[in-house]
Amino acid sequence: MYTTKLIEIQGKPLGDGALPAIITPLVGKTAAELLDEVAAIVPKHPDLLEWRIDFFAAIGDAKAVVDTALAIRLASGGIPVLLTRRNVSEGGNPIPIEEAAVVAMYTAACQAQCVEIIDYELSNAPADLKQLRVVSAANGIAMIMSYHNFQMTPDAATLDSKFLGAERLGADVAKVAVMPQTEQDVLTLLAATDRARQKLGVPLISMSMGGIGSLSRIMGWVYGSAATFAVGKSSSAPGQIAIEDLRAVLATVRKAVTGK
């Protein structure tokens with residue numbers, strides 16, 4: 001069995017490697033709603049909080065973003081924070097600002113060092129990806145480069161190219177999430193995950209979404225996915241499982257697979 005590369009945040013591994021790191025989304029529209037979510041989620045001990053800022057009403061106000069991120073960190077009990085804006089075409093909410101303002105928002109968050117890691121999509125303009133890679137690295141912020149397809153599961157060659165493309169562009173973590181139409185699509189994603197684990201020098205995250213794809217959230221770590229997403233209070237994508245249920249199932253799968 002190949003070893004799964006662990007995600008590192010500021011020199012520390014995310015999770016202990018025995019099971020995939022568990023990432024839990026925050027989807028509140030206001031700072032108050034977000035802090036209510038944090039209060040409900042922290043006792044469940046996820047490894048990472050993902051702030052889905054495309055749900056945040058004040059996304060266009062960089063100061064509000066930084067101040068809210070700092071408040072989330074203060075309330076998180078040391079759980080690191082991932083900042084993510086998801087495009088509408090890739091499962092996100094419509095937002096009232098143009099991409100230049102999104103890049104400026106990410107830049108302000110990196111420079112304020114108010115989060116530990118950011119996620120930006122491979123479908124964005126190459127110049128924007130490069131700019132955020134430079135500013136995140138300069139401020140010690142890790143960067144996920146991600147590919148999402150909410151319509152279908154591309155063929156093996158396309159999946160391979162997305163994983164490899166993220167690494168070539170300097171990602172700290174390569175992420176691929178796709179929608180299955182059949183059970184075979186889930187196997188296609190898991191096989192691509194295994195190939196990426198063997199080829200990439202960086203950690204990776206993969207998932208097949210929706211009900212059929214939920215199996216990948218449970219089994220993906222066996223094939224090399226370093227993290228999985230779970231519902232702490234509210235879901236941010238189809239097929240996410242409640243954190244308590246996911247943790248119990250992961251422990252059962254690990255015992256079956258490894259005998260430990």
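Start by selecting helix α6, residues 183–199, and pick out Thr-193 within it. You are looking at a predicted model, and in this model Thr-193 is buried, with a relative accessibility of 0%. What does Thr-193 touch, once residues up to four places away in sequence are set aside? Show Phe-163, Leu-204 and Ser-206, then add Gly-220, Tyr-223, Gly-224 and Ser-225, and you have its contacts. For a sense of scale, draw a distance from the C-alpha of Thr-193 to that of Gly-11: it comes to 24 Å, between residues 182 apart in sequence.

Next, go to Gln-10. You will find Gln-10 in the loop between β1 (8–9) and β2 (12–13). Is Gln-10 buried or exposed? It is exposed, with 55% relative accessible area. Check its backbone too: phi is positive, about 50°, although Gln-10 is not a glycine.

Now select helix α1, residues 31–41, and colour Leu-34, Glu-37, Val-38 and Ile-41, which are buried. Turn the view until you look down the axis of α1: the buried residues fall within an arc of 100°, so they line one face of the helix. The spacing fits a general rule: an α-helix has 3.6 residues a turn, so residues three or four places apart point the same way. On the face turned away from the buried side, look for the exposed residues Ala-32 and Ala-39. What do the buried residues of α1 pack against? Display β3 (21–26), β4 (48–52) and α2 (62–75) to see their partners.

From α1, follow the chain into the loop that leads to β4, and stop at His-45. His-45 is exposed, at 56% relative accessibility. Here is another residue other than glycine with a positive phi, this time near 55°.

Finally, zoom out to the whole protein chain, with its eight helices and 11 strands. Its radius of gyration is 17 Å, close to the 18 Å given by the globule rule for 260 residues, so the chain is as compact as a globular protein of that length. Along the principal axes, the C-alpha trace spans about 50 × 40 × 35 Å. Colour by burial, and 53% of the 260 residues count as buried. Of the contacts with a separation of 6 or more, 74% join residues 24 or more positions apart.

Switch on the surface for a last look: about 10600 Å² is exposed, with carbon and sulfur atoms supplying 58% of it. Then colour the charged side chains, 23 positive and 26 negative; the centres of the two sets lie 5 Å apart.

Conventions
Residues are numbered from 1 along each chain as its sequence is written. This is a predicted model: local features need pLDDT of at least 70, side-chain atom pairs count only at pLDDT 80 or more; totals for chains, interfaces and linings use all residues. Side-chain values use heavy atoms; hydrogens and water are left out. Helices (H or I, at least four residues) and strands (E, at least two) are DSSP runs, numbered from the N terminus. The radius of gyration is taken over C-alpha atoms; the globule rule is 2.2 Å times the number of residues to the power 0.38. Buried means under 20% relative accessible area, exposed over 50%, partly exposed in between (1.4 Å probe, protein chains only). Contact means heavy atoms within 4.5 Å. Accessible areas come from the Shrake-Rupley method with a 1.4 Å probe; for residues, only the protein chains shown count as cover. Lys and Arg count as positive and Asp and Glu as negative; His and the chain ends are not counted. The place of a charge is taken as NZ of Lys, CZ of Arg, CG of Asp or CD of Glu. The arc is that of the directions from the helix axis to the C-beta atoms.
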